[in-house]
Amino acid sequence: MPIVVDIDVMLARRKMSVGDLADRVGITPANLAVLKNGRAKAVRFATLAALCEVLKCQPGDLLRWEAEAPAGE
């Protein structure tokens, strides 16, 4: 998927655990893991806003676009 989720990077910078972030954002650790591991198909703006508020960052610090390699590479 061309959208890469960098929650791990922000967690490391903030020295915060996944469980702590999930509690503070108000989502389950399982749902946060789905998002963090790039398996989510969508993210609500409310969830993205809560992540940014807790991590004191911008949406672009958590999400980035990366071109997919052409088939066969």
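A salt bridge here is a side-chain nitrogen of Lys or Arg within 4 Å of a carboxyl oxygen of Asp or Glu. Keep that in mind while you browse these views of a predicted model.

**View 1. The whole chain, before we zoom in.**
Let's start with the overall layout: the protein chain has five helices and two strands. Follow the sequence along and you meet them in the pattern β-α-α-α-α-α-β. The C-alpha trace spans about 40 × 20 × 20 Å along its principal axes. Of the chain's 73 residues, 32% count as buried. Look at the contacts with a separation of 6 or more, and you'll find that 63% of them are between residues 24 or more positions apart. As for the outside, the accessible surface comes to about 5,000 Å², and carbon and sulfur atoms hold 55% of that.

**View 2. The stretch that UniProt labels.**
An unreviewed UniProt entry lists residues 13–62 as "domain: HTH cro/C1-type". In the model, this span is 66% helix and 0% strand. Its two end C-alpha atoms lie 12 Å apart.

**View 3. Asp8 meets Lys36.**
Side chains of opposite charge can pair when their charged atoms come close. Here Asp8 and Lys36 form a salt bridge, with 3.3 Å between the closest N and O atoms. Asp8 sits in helix 1 (residues 7–14) and Lys36 in helix 3 (residues 29–36), so this pair ties together parts that are 28 residues apart in sequence. Which of these two is buried, and which is partly exposed? Lys36 counts as buried, at 18% relative accessibility, because the cut-off for buried is under 20%. Asp8 is partly exposed, with a relative accessible area of 41%.

**View 4. A pair within helix 2.**
Now zoom in on Asp20 and Arg24, another salt bridge, whose closest N and O atoms are 3.9 Å apart. Both residues lie in helix 2 (residues 18–25), and they are four residues apart, about one turn of the helix. Asp20 is partly exposed at 32% relative accessible area, and Arg24 is partly exposed too, at 48%.

**View 5. A little charge network.**
Glu66 and Arg64 form a salt bridge in which the closest N and O atoms are 2.7 Å apart. Who else joins in? Asp6 does: salt bridges that share partners link Asp6, Arg64 and Glu66 into one network. Glu66 is partly exposed, with a relative accessible area of 40%, and Arg64 is partly exposed at 36%. Stepping back to the whole structure, a search finds four salt bridges. The chain carries 10 positive and 9 negative side chains, and the centres of those two sets lie 5 Å apart.

**View 6. Helix 4 and its cover.**
Which residues of helix 4 (residues 45–55) are buried? They are Thr47, Leu48, Ala50, Leu51, Cys52, Val54 and Leu55. What covers the buried residues of helix 4? The cover includes helix 1, helix 2, helix 3, helix 5 (59–62) and strand 2 (63–65). Before you leave this view, check the spot just after helix 4, where Lys56 takes a positive phi of about 50 degrees.

Conventions. Residues numbered from 1 in each chain as written. Predicted model: local features only at pLDDT ≥ 70, side-chain atom pairs only at ≥ 80, totals over all residues. Heavy atoms only, no water. Buried < 20%, exposed > 50% of the residue type's maximum accessible area, 1.4 Å probe, protein only. Contact = heavy atoms within 4.5 Å. Areas by Shrake-Rupley, 256 points an atom, 1.4 Å probe, with all protein chains shown as cover. Lys, Arg positive; Asp, Glu negative; His and termini not counted. Charge placed at Lys NZ, Arg CZ, Asp CG, Glu CD. UniProt positions renumbered as here; feature names shortened; annotations may be inferred.
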